[in-house]
Amino acid sequence: MGNEAIVRGAIEAGVRIAASYPGTPASEIGNTFAEIAKEMGIHFEWSANEKVALEVVYGASMCGQRGMVSMKHVGLNVALDIMEMVALRGVKGGLVFVSADDPSQHSSGQEQDQRWLAKQNCIPVLEPSDPQDAKNYTAYAYELSERSKLPVMLRTVTRVSHMRSNVRLDEIKRPEREAEFDFDEFSYVKAGFDKLFYREREANEKLAKVRAEFETIHLNKLKRNGDEKAAVIAVGQTYNYVMDALIKLGAKGKVAVLKLATSNPLPEKLIGGLLKGVDKVLVTEEPDPFVELHVKAIAKDYAPKVEVRGKMSCHLPGEGELGSSTVDQSIADMIDAELSIDDRTDLESEARNILFDRMLTLCAGCPHRPSIYALKKAVRAVKGDIHSVVVNGDIGCYGLAWSPPLSYEDTYFCMGASIGVSQGMAQVGVDTVAWIGDGTFFHAAIPALINAVQNKADIKIVVADNGVTAMTGFQPNPQQGRTATGESTKRIMIEDIARACGVEHVEVVDAYDLKAAEEAFKRMLKMSGVAMVISRRLCATEAIRQMRPNRPAPYEVDQEKCVGCQLCLSTFGCPALSFDDEKKRASIDSTLCTGCGVCAEVCNAGSIGRRN
Amino acid sequence: MSVFKIVIAGVGGQGTLLATRLLAETAIAEGMNIRIGETYGMAQRGGPVMGHVQIGEVYSPQIRPREADALLGFELAEATRRGVTYLKQGGLSIVNSRKIPPVEVISGMRRYPDEEELLRLLRQISGRLAVFDATGLAEEAGDPIATNMVMLGALAASGVLPFGKGKILSAMRKNVSQRFLELNAKAFNMGADAFMSST
C-alpha cells in the first residue's frame, strides 16, 4: 500500500520520530508506524491534532533527528501556523510531512489542493505516482530536506495512498545520531535575534537551490525523441493515466512525456526546454491547475506560441479526479487520434434507475443512533418542535446524524467548529445544540469551550463519546489511557476538562439507556449558560473487535407480538433490522445485531427481546 | 504481456479487502506484478466498496470501464452497479445472491430492486454468470464472515486466473491467522464446488 511504502521509505532513511493525527486517506501511515515503532526504536504518537504533531517532530528536528508528520490534506490547515515557521527557521534533522490530498472527496468535506500552501511557504513538493515512488521519494526527501534545510512535502492523493502493488525494498539504515539542540542555528540568544527574526530571503535562497537540484533530479523522467509535436507533463499519479492512454492510442513515441515528480518549485529550464520543441502541451494533475498555471508562466519566457492545455483551458475538468477515460480523450484530441468507445450508457442508466445510492449510515449497534434518537425526543418535549434548535454537528462518524431516518443535524464544517458556530448563533438569540465527538473534542474544541464560558454563551453541548477515533480506524484517543504503541498512560476525561473550563452542568449518561439519556438531555436543555451531556458507550464495532471471536447474544423480534408498525425501522433504522413485506413483520439479522438492545426500548409493542 | 483484470464489488464489512489481498499475495508469490486500487471512502458505515485488481504490467490502479475480465460481486445490487460499468462484454460474473439492504430500504424510503431485474442486466453483459448464496454457504461452513473465502473459491474454480486453486490456498495459509484457517479453507472449497455446480 502507498501509505505503508511511505513508512518503509522513512525507515530506510533512518527516521527517529513520527507523529500524526488520523484522517483518511493518510491514516494507515500512522497505523503502520504504531505497529513497528517499538521494534524499530522509533517514537511514534497519535498527537492531539496536526499542529501539535508537527511541533513535536520539529522539536526533534532542531535536535538533529529525522522525523515524519502525516495528515490528511485539511490537517495542514490546522498545522499551517507552525508549518510556516518551520519553513522560515529551517530544519536540521530531515523533516518530511505527508499531505494526503483527496481529489473527488472520497472521504472528506472539501477537495483542497495543498500544493498552494507549500508554494506560499517555500516548501518543496514531491508527488509520487505509485507505492514504489512513494517509498523512493520519501527516502530522497530526507536527503533533500537536510541539504536544503527546508521541510519537504510528500504530497499523495487517495489513489496513491491506497494503491497496492509490488514494491522493491532497499536497505534499512539506522544511523545513530546524537540528539542535541543546535543553539547556534535555533536559539535567539546564541544565534541572535536579527538572524532569526526576518528570514524570508533565506527561505527564497534555499528554494532557489532546490529548484536547481530539481532541474536534473532523476525522479523527473523525460521521454522524448525530439520530433514529437505534442507533449504531456504528467504530474504524480496522473502519470499512470497518461501511460495507459498512450498504450491504448498506440501513441507511445509520438508524444513526449515528462513524468513530473517535483511540482514545487518547478524545474523551469527542464520544462522550458520541452516547451520549445513542441506545439502543444497537456498538463495532467489533480485536482487544481497548480502546475499548469506555472507552466503557462514558463511558456511566456521560453515558448510563447506553445498551446498549454489542461484545466485552465477546459480541456480537462476543473475539479475531481481525472480517470483513464478523461485522459484518453484529452490526449486523443491533442494528437487527432481515433478513440474507439464501445458505449454502454443505455444499460448504465437503466441500472441507475432501478438502483439506490446506498447512503452511508451508522453501523448496527452504534451508540450514536440512540443518542440522536433520545436528543430528538428531549428537544420535542422541552421545546415543542425538534427544529426549534439548530443542531451544529462536527467531524466524525456521528456526523452521519443528518442521514435518514434520524435526519437530525443541520450543519458541520471542520474539526471543533460546532462549539464555535453555536456560540455566534446563541449570542444573537438562536437556540442551538452542539453535537461533537470525543476525538474531535480533544482535537479542537477546548479553546472554543473556554470561549463559551468566558463570554457567557448560552449553548448546549452533547458529546457523542464512543471512546475511539472510529471513523479512521479505531485509533486511541486521550480518554483510553494508552499510547499509540499500546503503553498505559494517564486517562484524560472530557468531563474533567469541561469542569476545569468552567462548565458547571456536566452529566455523563450511557448512550444505550434511552430513558436516562432523554432525561439528561431535557435537564441540559432547561439550563441557562453552557451545559453539557456526555453520552458515553464504546463504539459497537470496536466492542465486537475486542470480544472476537465471541459475540453478544443477538436480539430477535417475536413474530406473534410484532404489529408491523415499522416504528423501529422508520424512526430508529438500525441496519440489523429489516421488514418482510409479505409477512408484514420486522426481523433482526442475527449476524449484524450487536446485542445493544436499544431497539427493544424503541418498540411500543414489546415484541423485541434477547435471543435465548 | 496480457493483463488480467477483476472488479470486486461489495459493501463495507464484507471482507472484500482480504479477498483482494490474498489475490495479491498469490500473484506476488508467483512472481507476477499486481496493482490494486480500492475505493472505500467511509465504507465502514455501510457504504459501497469496490476493488480493482490487475495482474500483469499496467499503470493505473483503476480499470477502465468495460475492460474487466471478471466481476466478483459480494452483494447483488452492488454487483449490478459495478458490473454494468466495468465488466467487458462477455466477461465472467460470480455473484452472491444475498442482499444487504441499505438504509434507504430499511427506513422505508425505497424498495430493494427486483432480483430478476438485476439478474437480467447482469445476463446482458456476462458470458458466464454464476449466482449462488455465498453467505449461506459461509454460514454452513461456520461463520458468515467467511463469505469472502467462498467467493474467492468460486473465482479460483472458474479457471480464469493465471494461477490455480492450490496457490491461493497456500497464500491463505501464510496470511490468515491459524485460528481461522480451517473455517476459511472449508468456505473456499465450498465456493469452488458451488461454482462448478452452477449453471
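## Two-chain predicted model: helix α1(A), the chain interface and the folds

Helix α1 of chain A, residues 2-12, is mostly covered, with 10 of its 11 residues buried. A residue is buried if 20 or more other C-beta atoms lie within 10 Å of its own, exposed if 12 or fewer, and partly exposed in between, with C-beta atoms placed from the backbone. Helices (H or I, at least four residues) and strands (E, at least two) are DSSP runs, numbered from the N terminus. The buried set in α1(A) includes A:Gly2, A:Glu4, A:Arg8 and A:Ile11. After α1(A) comes A:Gly14, with a positive phi near 80 degrees.

This is a predicted model: local features need pLDDT of at least 70, side-chain atom pairs count only at pLDDT 80 or more, and totals for chains, interfaces and linings use all residues. Residues are numbered from 1 along each chain as its sequence is written, while chains are lettered from A and ligands numbered from 1 in the order in which they are written.

**Overall build**

The table sets out the two chains.

| Chain | Helices and strands | C-alpha extent along principal axes | Buried share |
|---|---|---|---|
| Chain A | 24 helices, 24 strands | roughly 80 × 70 × 50 Å | 53% of 612 residues |
| Chain B | 8 helices, 6 strands | about 50 × 35 × 35 Å | 59% of 199 residues |

Chain A has 24 helices and 24 strands. Its radius of gyration is 27 Å, close to the 25 Å from the globule rule for 612 residues, so chain A is as compact as a globular protein of that length. The radius is taken over C-alpha atoms, and the rule is 2.2 Å times the number of residues to the power 0.38. Chain A is divided into domain 1 (2-215), domain 2 (220-335), domain 3 (368-546) and domain 4 (551-610). These bounds come from an automatic or database domain assignment. Between the C-alpha centres of domain 2 and domain 4 of chain A lie 57 Å.

Chain B reads β-α-β-β-β-α-β-α-α-β-α-α-α-α along the sequence. For chain B the radius of gyration is 16 Å, close to the 16 Å that the globule rule gives for 199 residues, so chain B is as compact as a globular protein of that length.

Contacts tell about sequence range. Two residues are in contact if their C-beta atoms, placed from the backbone, lie within 7 Å. In chain A, 78% of the contacts between residues at least 6 apart in sequence join residues at least 24 apart. In chain B, residues 24 or more positions apart account for 68% of the contacts with a separation of 6 or more.

**The interface**

At the interface, 43 residues of chain B are in contact with 46 residues of chain A. On the chain B side, α1 (16-29), β2 (34-39), α2 (76-86), α3 (103-106) and α4 (115-125) each supply at least two residues. Strand β2(B) gives the largest share, 6 residues. By class, that side has 20 nonpolar, 14 polar and 9 charged residues. Here Ala, Val, Leu, Ile, Met, Phe, Trp, Tyr, Cys and Pro count as nonpolar, Asp, Glu, Lys and Arg as charged, and the others, Gly among them, as polar.

Strand β2(B) also pairs across the chains. Strand β7 of chain A, residues 164-165, runs antiparallel to β2(B), and 2 bridges join them. Two strands pair if DSSP finds at least two bridges between them. A:Arg164 stands opposite B:Ile36. The result is an open sheet of 7 strands with mixed pairing, in the order β7(A)-β2(B)-β3(B)-β1(B)-β4(B)-β5(B)-β6(B). Its edge strands are β7 of chain A and β6 (126-132) of chain B, and each pairs on one side only.

**Buried strands in chain A**

Strand β16 of chain A, residues 460-465, has 6 of its 6 residues buried. A:Lys460, A:Val462 and A:Ala464 point one way, and A:Ile461, A:Val463 and A:Asp465 the other. Strand β15(A), residues 432-437, pairs with β16(A) in the parallel sense over 5 bridges. There, A:Val433 stands opposite A:Lys460.

A:Lys72 sits in strand β3 of chain A, residues 67-72. Why does A:Lys72 count as buried? A:Lys72 counts as buried because 27 C-beta neighbours lie inside 10 Å. Leaving out residues up to four places away in sequence, A:Lys72 touches several residues, among them A:Gly23, A:Pro25 and A:Asp102. A:Lys72 and A:Asp102 are 30 residues apart in sequence and 7.9 Å apart in space, C-alpha to C-alpha.
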